[in-house]
Amino acid sequence: MKKFALIGAAGYIAPRHMKAIIETNNELSVAYDINDSVGIIDSISPQSEFFTEFERFSDYAYRLQRKTETKLNYVTICTPNYLHLSHITAGLRLGCDVICEKPLVPTPEQLGELELVEKETGKKVYNILQLRHHQAILDLKEKVSNEKKEDKYDVVLTYITSRGKWYMESWKGDPRKSFGVATNIGVHFFDMLHFIFGRLEKNHLHYADEQKAAGYLEYEKARVHWFLSIDAYDLPDSVKGKQTTFRSITINSEEIEFSKGFTDLHTTSYKEILAGRGYGLEDARHCIETVNTIRNAQPIPANTNEGHPFLSQLIK
């Protein structure tokens, strides 16, 4: 049984990590968050210690490290994106391996800092890249790898996940903390595209504002037209009033269904990490470089072959 600490216990994604820790027969020893709305712990791991001040959490965690029977093995990070680097390095220096939600860090430079701290501590960072464990994605990757195709695949990626007014008032609406919509809601899709279609060759940004972004990515095996949004106005008429999220990937005009099968992917990720097969810094590098380029790019007009179908409703 491994012992875990969790930083960011009040966040949206934290319960999935708590359940993954328990479902892999391990122990959540201690959790921390500046917010105290963490009643979910009662239904998952009620015996866990909890702190709302990092100093008290840190002191307690260090004291746990003195004894073999209480020593922490992993620190899980579920905090706002801009805090990932600081919390990951704190976990490594505590003497633990670290599991962190995506985006791992916003820039290749911060990834280099993590490499240095890994070497200094002898510990390892793992990124949750759960779409790599989704069966539909694995099947598609196998198909693309085995198919003898002279031309590249034409891919259209559309992801609209409606968010209310609270979003822009939270850290997620502050680009200094979330690093923008393409990073915050798109990074795992960009990782998935690389995982399936290989090395990135072109990265063009066509549109970006606080709520949406669109562009074109060309990989070794695919031309990808992408659109990401948190604006309910962008939902297709066919789903407005019926659902708040629209997720679609078409490959050569054929829809790929992967809206189901997400339930246990965090637990699967934990099983793989505990078995020594987790995704580390180099696995995360490609999507970090991709979103870093998008975040710093100036939008350019889309040519006829590159624009996403939704782009015309944004640029009049």
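**Where domain 1 meets domain 2**

Colleague: How many residues of domain 1 are in contact with domain 2, and how many of domain 2 are on the other side?

Modeller: It's a predicted model, with residues numbered from 1 along each chain as its sequence is written. Local features need pLDDT of at least 70 and side-chain atom pairs pLDDT 80 or more, totals for chains, interfaces and linings use all residues, and side-chain values use heavy atoms, with hydrogens and water left out. Counting contact as heavy atoms within 4.5 Å, you get 17 residues of domain 1 and 18 residues of domain 2.

Colleague: How far apart do the C-alpha centres of the two domains lie?

Modeller: The bounds come from an automatic or database domain assignment. That gives 3–127 for domain 1 and 131–260 + 280–313 for domain 2. Between their C-alpha centres there are 28 Å.

Colleague: How much area do domain 1 and domain 2 bury between them?

Modeller: Interface size is often given as the accessible area lost when the parts come together. Here that's taken with a 1.4 Å probe and summed over both parts. Carbon and sulfur atoms carry 71% of the buried area, and the total is about 1600 Å².

Colleague: Which residue forms a salt bridge with Glu115?

Modeller: The rule wants a side-chain nitrogen of Lys or Arg within 4 Å of a carboxyl oxygen of Asp or Glu. The count between the domains is 1 salt bridge. With its closest N and O atoms 2.9 Å apart, the partner of Glu115 is Arg285.

Colleague: Which element gives the largest share of the side of domain 1 that touches domain 2?

Modeller: Helices (H or I, at least four residues) and strands (E, at least two) are DSSP runs, numbered from the N terminus. Two elements give two or more residues to that side: helix H5 (108–121) and strand S6 (125–127). The largest share, 5 residues, comes from H5.

Colleague: Which residue does a cis peptide bond join to Lys102?

Modeller: Most peptide bonds are trans. In this one omega is about -5 degrees. The residue sits in the loop between strand S5 (97–100) and H5, and its name is Pro103.

Colleague: What is phi of Phe179 near?

Modeller: Phe179 is in the loop between helix H8 (175–178) and helix H9 (181–197). Its phi is positive, in a residue other than glycine, and near 75 degrees.

Key: Buried area = accessible area lost by both parts, 1.4 Å probe.
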